[in-house]
Amino acid sequence: MSILYEDRYIICDDVAITINDYFFPQGSKRIPYADIRKVSEKPLTLLKGKLRIWGMDFEPFWYHYDLKRPTKSQGISLDIGELLKPVLTPEDHDAVLLLLKEKTQGSL
């Protein structure tokens, strides 16, 4: 497997995305690109995700552990057919969004 993108929070390889520190206290979630139904940009606001360091928001979104999230303005939401939708806040938002668009055949 080739690593296409990697930072502290996200690893994208040829077939899947791995979200580090997804489960508490530690644990990663690996999602094959084929399982992703839809990729969406999600604005982060004070009431919707910006102050959520880890866990579920008021809406059915799940945020991986990220101490820097309060300084970020956008996330990437993944619809994988489950009630909770993972929201990613990678260090390079645009690079991950483009990669997901390519790997999911433009499901944005």
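User: Which residues form the negative surface patch, and what makes them count as negative?

Analyst: They're Glu41, Glu91, Asp92 and Asp94. Asp and Glu count as negative, Lys and Arg as positive, while His and the chain ends aren't counted. To join a patch, a residue needs over 30% relative accessible area and no salt bridge; like charges are joined within 9 Å, and nonpolar side chains (Val, Leu, Ile, Met, Phe, Trp, Tyr) within 5 Å. Each charge is placed at NZ of Lys, CZ of Arg, CG of Asp or CD of Glu.

User: What kind of model is this, and which atoms do side-chain values use?

Analyst: It's a predicted model: local features need pLDDT of at least 70, side-chain atom pairs count only at pLDDT 80 or more, and totals for chains, interfaces and linings use all residues. Residues are numbered from 1 along each chain as its sequence is written, and side-chain values use heavy atoms, leaving out hydrogens and water.

User: Why is aspartate 92 called buried, partly exposed or exposed?

Analyst: Buried means under 20% relative accessible area, exposed means over 50%, and partly exposed is in between (1.4 Å probe, protein chains only). Aspartate 92 has 37%, so it's partly exposed. You'll find aspartate 92 in the loop between β9 (85–88) and α1 (93–103). Those labels are DSSP runs numbered from the N terminus: helices are H or I with at least four residues, strands are E with at least two.

User: Which residues form the nonpolar patch on the surface?

Analyst: Leu46, Leu47 and Leu51, with about 360 Å² of accessible area together. Areas like that come from the Shrake-Rupley method with a 1.4 Å probe, and for residues only the protein chains shown count as cover. Leucine 51 has 55% relative accessibility, so it counts as exposed. Leucine 51 is in the loop between β5 (38–43) and β6 (55–56).

User: How do you know that lysine 42 and glutamate 59 meet in a salt bridge?

Analyst: A salt bridge needs a side-chain nitrogen of Lys or Arg within 4 Å of a carboxyl oxygen of Asp or Glu. Here the N to O distance is 3.7 Å, which fits. This pair links distant parts of the chain: lysine 42 is in strand β5 and glutamate 59 is in the loop between β6 and β7 (61–63), 17 residues apart. Lysine 42 is buried because its relative accessibility is 7%, while glutamate 59, at 28%, is partly exposed.

User: What makes Lys42, Lys48 and Glu59 one network?

Analyst: Lysine 48 also forms a salt bridge with glutamate 59, with the closest N and O atoms 3.5 Å apart. Lysine 72 and aspartate 66 form a salt bridge too, at 2.8 Å. Salt bridges that share partners join Lys42, Lys48 and Glu59 into one network. The structure holds 6 salt bridges.

User: Why is lysine 50 said to have no salt bridge?

Analyst: The nearest side chain of opposite charge, aspartate 66, is 11 Å away, so the 4 Å cut-off isn't met. Lysine 50 is buried all the same, and its place is the loop between β5 and β6. Leaving out residues up to four places away in sequence, its contacts (heavy atoms within 4.5 Å) include Leu44, Arg69 and Lys72.

User: What is the phi of aspartate 21?

Analyst: It's positive, about 50 degrees, although aspartate 21 isn't a glycine. Most residues other than glycine have a negative phi. Aspartate 21 has a relative accessible area of 14%, so it's buried.
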